[in-house]
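Please find below a note on the structure under review. It is arranged as numbered points, to be read beside the sequence and the model.

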Amino acid sequence: MASTPKNDEQLNAQEAILKGMQDSTEPTIFDKIVSKEIPATVLYEDNLAMAFKDVNPVAKTHFLVIPKIKAGLSQLSKANEDHKMLLGHCMYVAQMVAKQEKLEKGFRVVINDGVDGCQSVYHLHLHVIGGQQLSWPPGC
């Protein structure tokens with residue numbers, strides 16, 4: 001029996017699945033940010049990755065890290081051995097920008113995967129949240 005969505009993120013994730021976004025080759029909002037079609041507050045950028053502030057922050061500090069070229073990484077569960085270097089680079093960028101953003105007391109890295117993980121944009125992205133005391137367990 002399917003459960004009823006409880007919040008906007010769950011609704012967004014279900015809508016993305018219904019629209020077939022997980023299999024789409026259309027540019028995502030993140031592709032449009034990389035190509036500068038959509039503005040973002042960029043905190044870091046190199047040839048492989050970009051970090052920018054989340055427009056709907058869930059904590060005092062909330063930014064995203066994305067691979068600039070999707071390379072088939074619409075979801076973490078789609079990763080293969082060829083993606084190991086890019087995944088590691090994104091994690092490295094996450095901690096580097098966390099230091100830049102003065103999150104020395106701690107932060108959390110979250111990757112939503114699939115509809116049950118509340119993924120609504122099918123372009124791998126790391127949420128880095130902090131700047132305040134976080135609770136545990138997250139989102140259960």
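The points that follow treat a helix, three paired strands, the cysteines, an annotated histidine and some backbone features.

1. Status of the model. The structure is a predicted model, and the remarks below should be read with that in mind.

2. Dimensions of helix 3. Helix 3 covers residues 84-100, which makes 17 residues. From its first C-alpha to its last it spans 24 Å, close to the 24 Å expected at 1.5 Å a residue.

3. The buried residues of helix 3. Seven names should be marked on the helix: L86, H89, C90, V93, A94, V97 and A98 are its buried residues. An α-helix has 3.6 residues a turn, so residues three or four places apart point the same way. The reader may compare this rule with the numbering of the buried residues, for example H89, V93 and V97. The cover over these buried residues includes strand 1 (42-45), strand 2 (49-53), strand 3 (61-67), strand 4 (107-110) and strand 5 (126-130).

4. The residue K102. After helix 3 comes K102, with a positive phi near 65 degrees. Most residues other than glycine have a negative phi, and most peptide bonds are trans. This general statement also serves as background for points 8 and 9.

5. Strands 1, 2 and 3. Strand 1 and strand 2 are joined by a hairpin of 3 residues, and they pair in the antiparallel sense over 3 bridges. Within this pairing, E45 has M50 of strand 2 as its bridge partner. Strand 2 also pairs with strand 3, again in the antiparallel sense, over 5 bridges. Here A49 stands opposite P67 of strand 3. Strand 2 is mostly covered, since 4 of its 5 residues are buried.

6. Cysteines. How many disulfides does the structure hold? The number is 0. A disulfide is a covalent bond between the sulfur atoms of two cysteines. C90, one of the buried residues of helix 3, has a relative accessibility of 1% and therefore counts as buried. C118 also counts as buried, because its relative accessibility is 17% and the cut-off for burial is under 20%.

7. The annotated residue H125. An unreviewed UniProt entry lists H125 under "active site"; this label comes from the record. In the model, H125 is located in the loop between strand 4 and strand 5. Is H125 buried or exposed? It counts as buried, because its relative accessibility is 6%. Leaving aside residues up to four places away in sequence, H125 touches F30, L64, V65, I66, V110 and I111. In addition, the side chain of H125 reaches the backbone oxygen of H123 at 2.7 Å.

8. Positive phi at K36 and C118. K36 lies in the loop between helix 2 (29-34) and strand 1, and its phi is near 70 degrees, a positive value in a residue other than glycine. K36 counts as exposed because its relative accessible area is 51%, and the cut-off for exposure is over 50%. C118 is placed in the loop between strand 4 and strand 5. C118 is not a glycine, yet its phi is positive, at about 65 degrees.

9. A cis peptide bond. The bond from W136 to P137 is cis, with omega near 0 degrees. P137 belongs to the segment after strand 5.

Methods:
Residues numbered from 1 in each chain as written. Predicted model: local features only at pLDDT ≥ 70, side-chain atom pairs only at ≥ 80, totals over all residues. Heavy atoms only, no water. Helix = DSSP H or I, 4+ residues; strand = E, 2+ residues; numbered from the N terminus. Expected span 1.5 Å × (residues − 1). Buried < 20%, exposed > 50% of the residue type's maximum accessible area, 1.4 Å probe, protein only. Contact = heavy atoms within 4.5 Å. Disulfide = S-S within 2.5 Å. UniProt positions renumbered as here; feature names shortened; annotations may be inferred. Polar contact = N/O pair within 3.5 Å; in protein donor to acceptor, adjacent residues only side chain to side chain. Pairing = 2+ DSSP bridges.
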